[in-house]
Amino acid sequence: MEKKLRVAVYPGSFDPLTNGHIDIIDRGRKIFDKIIIAVLHNPSKKALFPVDQRVDMIEETFKNSQDIEVDSFDGLLVEYAEMRGAIAVLRGMRAISDFENEFQMALMNRRLSRKVQTVFLMTGLRWIFTSSSIIKEAAQFGGDITGMVSSPVKIKLEEKFRKFKERNI
Ligand code: PNS
């Protein structure tokens, strides 16, 4: 009999993907057979990169990984997860400050669907202070973001802020 794949959805804004996210994905792939990285279409949140570019950067980062799929979604996360046959939603936890919001989301998701479990993984200590926003801020002012993002993301971030600078000169 064919073994059913254990699939998890790893949702987020990923504006852009950071090495903190990659740390969670690498931990998650030890537990699940396949991880679908799902970028949320969220028109109410102002983003630096459009969704298709965020998806491209993630695809480029994981280009040789058979167990990773990159997709985008809108609407309810649990509906998307069920539709994709996922048994879990994967979320990373950095510090206590993440807890309240994550707990609330997980309980809401559980209320909305009993078929999908939320699995929290602790990020590696070196990524505790890493976030897309802080990396964008550093990059914006010319800070070196090497080692905080994958090289496809670093290239796009530097390109983006170089263009901003050129336009503002
Ligand atoms: O990277 P983020 O911004 O912390 O990710 C938040 C995300 C995408 C996980 C969350 O906003 C989400 O799941 N949105 C989809 C809408 C939804 O299902 N809401 C109800 C549960 S809170």
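This report walks through a predicted model, starting at the ligand and moving on to a helix, a surface patch, a strand residue and the salt bridges.

**Around the ligand**

Start with the pocket residues. Early in the chain, the ligand's surroundings include Pro 11, Gly 12 and Ser 13. Leu 40 and Lys 45 belong to the set too, as do Gly 75, Leu 76 and Leu 77. Arg 91, Met 105, Met 108 and Asn 109 complete it.

Three of these residues come with polar distances to ligand oxygen atoms. For Ser 13, a side-chain N or O atom sits 2.6 Å from a ligand oxygen. Leu 77 uses its backbone instead, with an N or O atom 2.8 Å from an oxygen of the ligand. Arg 91 goes back to the side chain, where an N or O atom is 3.0 Å from a ligand oxygen. As for cover, the ligand on its own has 550 Å² of accessible area, and the protein covers 72% of that.

**Helix H1**

Is H1 mostly covered or mostly open? Helix H1, residues 19-28, is mostly covered, with eight of its ten residues buried. The buried set runs through Asn 19, Gly 20, His 21, Ile 22, Asp 23, Ile 24 and Ile 25, and then picks up Gly 28. Just ahead of the helix, Thr 18 acts as the N-terminal cap: one of its side-chain oxygens is 3.1 Å from the backbone nitrogen of Gly 20.

**A nonpolar patch, and Phe 120**

Out on the surface, Ile 96, Phe 99, Phe 103 and Leu 107 make a nonpolar patch of about 420 Å². Ile 96 belongs to helix H4, which spans residues 96-112. Ile 96 has a relative accessibility of 74%, so this residue counts as exposed, the cut-off being over 50%.

Phe 120 is in strand S5, residues 117-122. With 31% relative accessibility, Phe 120 counts as partly exposed. Which residues does Phe 120 touch, leaving aside those up to four places away in sequence? The answer is Arg 91, Met 93, Glu 102 and Ala 106. Arg 91 is thus a contact of Phe 120 and also one of the residues around the ligand. Leu 17 is 103 residues from Phe 120 along the chain, and their C-alpha atoms are 18 Å apart.

**Salt bridges**

Now for the charges. Side chains of opposite charge can pair when their charged atoms come close. Across the whole structure, 15 salt bridges turn up. Here are some of them:

| Pair | N to O distance |
|---|---|
| Glu 60 and Lys 63 | 3.3 Å |
| Glu 158 and Lys 154 | 3.3 Å |
| Glu 159 and Lys 156 | 3.8 Å |

In the Glu 60 pair, Glu 60 is partly exposed at 39% relative accessible area, while Lys 63 is exposed at 56%.

Helix H6, residues 151-168, holds both Glu 158 and Lys 154, which are four residues apart, or about one turn of the helix. Glu 158 is partly exposed at 33%, and Lys 154 is partly exposed at 22%. Glu 159 and Lys 156 are in H6 as well, three residues apart, again about one turn. Their relative accessible areas are 27% for Glu 159, partly exposed, and 33% for Lys 156, also partly exposed. Elsewhere, salt bridges with shared partners tie Lys 34, Glu 69, Asp 71 and Arg 84 into one network.

Key
Residues numbered from 1 in each chain as written. Predicted model: local features only at pLDDT ≥ 70, side-chain atom pairs only at ≥ 80, totals over all residues. Heavy atoms only, no water. Buried < 20%, exposed > 50% of the residue type's maximum accessible area, 1.4 Å probe, protein only. Helix = DSSP H or I, 4+ residues; strand = E, 2+ residues; numbered from the N terminus. Polar contact = N/O pair within 3.5 Å; in protein donor to acceptor, adjacent residues only side chain to side chain. Patch = residues over 30% accessible without salt bridge, like charges linked within 9 Å, V, L, I, M, F, W, Y side chains within 5 Å. Areas by Shrake-Rupley, 256 points an atom, 1.4 Å probe, with all protein chains shown as cover. Salt bridge = Lys/Arg side-chain N within 4 Å of Asp/Glu carboxyl O. Contact = heavy atoms within 4.5 Å. Near = heavy atom within 4 Å.
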